[in-house]
Amino acid sequence: MAVVNYRVISGVARIEIDNPPVNALSQAVRAGVAEALARAAADPGVAALVLSGARGTFSAGADLHEVASGEAMAPPLASELQAALEASRKPVVAALEGHALGGGLELALACHFRIGAPGCRLGLPEVKLGLIPGAGGTLRFTRLAGPEAALESLTSGVALTAPRALELGLLDAVAEPLAEEALTFARAAVDEARPLKLAAQLKSRLSAGTPELFARFRERLAGRLRGQLAPALIVDCIEAACTQDAAEALARERAAFLRCRDSEQHRALTHLFFAERAARKVPDIPPGTEPLPVRSAAVIGAGTMGGGIAMCFANAGIPVSVLELNAEALERGLQQVRRNYAASVSRGSLSQGQADAALACIRGVTEYPSLAGADIVIEAVFESLPVKKDVFAALDAVAREGAILATNTSTLDIDAIAAATRRPGAVVGTHFFSPAHIMKLMENVRGPRTDPQVIASVMALGTRLGKVPVLAGNCDGFIGNRMLGFYGLEAEFLLEEGATPEQVDRVMEEFGFAMGPLAVRDLAGNDVGFMIRKNRRLPADERFSPILERMVAAGRLGQKSGRGFYRYEGRTRIADPEVVALIEEVSRERGIVRRRLGDEEIRDRLLAPLVNEGARIVEEGIALRPGDVDVVYVNGYGFPAWRGGPMHWGQVSGLARLIATLERLAPTHGERWGPSAALRRAAATGAFGRAP
Ligand code: 3H9
């Protein structure tokens, strides 16, 4: 089947990329485009060209499988196509709809003109894959739209809307129906003999690229994107686009692209890209299972989680009722939701119109019968099994037949909750992460009796809500919190042995977490952490450090009380000698001689237990694949994406070393801390997997 279609329509050659599903620029596509360009150039009956994509989308860029292979790309290269486009004496118009991303947009930027459909999205998202645009994007984008816009767009990787692209000069027109308008545009360019514009040669915007602009931007990036290779190289290339001639800037871009392509960061981010897509697929759901329609939703509980979950539905345009039996508590919850939307509007991430439309989807109710019409009801009440069972019994009495009954529990037994109803097949976990309207992860949990159609429905719902859905099996803490338990406990063991909160947090922040484990505890509330630990279904002989309990007893609840593992002035954390004294007291009581711990030991002791438990979780089938564990940890727990997630990191950094670390922990920490059989098997076979 042709991957590039060619047709001449009244003197205009239409070259259409047709490579499902996303028109990636594979070698065959590049060859097809090169051939079509040559054919159009040679045909005296062709006066102009239109480059477009089939099936409503232009192109998602380079073929990621080809880039990830790490091999040199087979000719023709994107740069050769661009040279042919720029050399064309006949006007070439790129017609952009759907997505014009990465190498796709770079191809369009080498055309003389670009016309976009109103809904199209243009972007250079390479940075999200640990890459830089490698086909002239840093040069042409900068020269068309100016260095400031290029810095923002290329270091964030966020796609632009058509109106914004028009404003920046990346598009020459926005029009629909696109196919006809592009042909009209191309003919007009011929009839009016419009000068053929080469983005690479434009100079008018470059004076904005002052040394101060780049210095300021580098300073901003230093904090936000610490440790990452691609963003810093993008800034260098944009600066080169402003200060060097086109050929030099392109050579620099090429070298930087290859450096990124061969980096571990690129491999880690590509792993996550494909892992997120794989996670949406549940192999044991019978083929052809249709998700149940979700036209309306309800949330039980108007607290922080309930309100946030309601916002997720409202943002997707799905009407949602929020139930709170107490009218005052309901009003308080809805007030918080309104404040959240107002904050988004004042930050500029939402227009007033969008916020109003979302708010119009949310309705507060105070009685269970008001939930009768909802297609899905998500319970988000207090994390207690008896409380949740009562809620589900009440819900069972009113929810319509066929409705999905979901719980937002973060640890509790889905099966026990399902047993409170007469329809356990309808019961499923939908675990959102706080703040629910922002955090991407949706950890769906199936009980042993959950109907496959219900599972398929919540997975599809996750994508519709703009979340990253992952399916987990039913166990204490599911995937994420089951692993997190070890991380939190180990942070305190490290303190007992001689580390300080600053050191532990610094090591993990240097690793790439936005916040270290103790700073996170202070943010969430030490009392909350302590209560969750007490309620977990953990083995009776589990050993804890008493540090957390002592902190709570001393009123050191965290940021909310101005004192926790740190003292706080506003949100600024300040090391507190009183905390060190409290920790030293615990060390003394336990007969531990404090010592200086190295940064690497701290990192490995916090991360090895995650990998260890992750291996068990995969072997038990609680996670369907090791990549699912990575997706959970990156999207729900702040694990740095460019490290690929704990399982990927474990593989890359060496399982044998992590096994040795765990062997040293087991004698003092307990059996659960020793290397699992699953981890040993992974080290021997080179892959995590299900139990043989
Ligand atoms: C680049 O261009 C480098 C250049 O600067 C320099 C070169 C020299 N290749 O996401 P979806 C697959 S780097 C191959 O579920 P959506 C994807 O795996 C590239 N395959 O759909 C999935 O497969 P499956 C810069 C790709 O509608 C299927 O397509 N470009 C590619 O939610 C559907 O994808 C990017 O980073 C690809 N490039 O979202 C864009 N893209 O069905 C990456 C997707 O087997 N892509 N697939 O699971 C995206 O952001 C989204 O896929 C997109 C569609 C927004 C396009």
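Helices (H or I, at least four residues) and strands (E, at least two) are DSSP runs, numbered from the N terminus. This is a predicted model: local features need pLDDT of at least 70, side-chain atom pairs count only at pLDDT 80 or more, and totals for chains, interfaces and linings use all residues. Residues are numbered from 1 along each chain as its sequence is written, and side-chain values use heavy atoms, without hydrogens and water.

**Exercise 1. Find the cis peptide bonds and place them.**

Step 1. Start at proline 20. Its peptide bond to proline 21 is cis, with omega near 0°. Proline 21 sits in the loop between β2 (12–17) and α1 (27–42).

Step 2. Stay in that loop. Asparagine 23 also belongs to the loop between β2 and α1. Phi of asparagine 23 is near 60°, a positive value in a residue other than glycine.

Step 3. Go on to serine 434. The bond from serine 434 to proline 435 is cis, with omega near -5°. Proline 435 lies in the loop between β15 (427–432) and β16 (441–446).

**Exercise 2. Describe the surroundings of the ligand.**

Step 1. Collect the shell. A residue is near a molecule if one of its heavy atoms lies within 4 Å of it. The ligand has 25 residues around it, and the closest are Ala60, Glu106, Glu126, Arg277 and Lys281.

Step 2. Sort by class. Ala, Val, Leu, Ile, Met, Phe, Trp, Tyr, Cys and Pro count as nonpolar, Asp, Glu, Lys and Arg as charged, and the others, Gly among them, as polar. The shell holds 14 nonpolar, 5 polar and 6 charged residues.

Step 3. List polar contacts (pairs of N or O atoms within 3.5 Å). A polar side-chain atom of glutamate 106 is 2.6 Å from an oxygen atom of the ligand. A polar backbone atom of leucine 64 lies 2.9 Å from a ligand nitrogen atom. In arginine 280, a side-chain N or O atom is 2.9 Å from an oxygen atom of the ligand.

Step 4. Name the elements. β5 (99–101), α4 (103–109) and α12 (264–279) each give two or more residues to the shell. The largest share, 3 residues, comes from α12.

**Exercise 3. Locate the second largest pocket.**

Step 1. Fix the term. On a 1 Å grid over the protein atoms alone, a pocket is an open set of points where a 1.4 Å probe fits, with protein on both sides within 12 Å along at least five of seven lines; lining residues have an atom within 4 Å of a point.

Step 2. Read the lining. Of the 16 residues that line the second largest pocket, the closest to its centre are Glu497, Arg595, Glu601, Arg605 and Leu665. The lining divides into 3 nonpolar, 3 polar and 10 charged residues. α28 gives the most, with 6 residues.

Step 3. Bring in the domains, whose bounds come from an automatic or database domain assignment. These are domain 1 (4–261), domain 2 (297–472), domain 3 (476–597) and domain 4 (598–692). Domain 3 and domain 4 both give residues to the lining, so the second largest pocket lies between them.

Methods. Polar contact = N/O pair within 3.5 Å; in protein donor to acceptor, adjacent residues only side chain to side chain.
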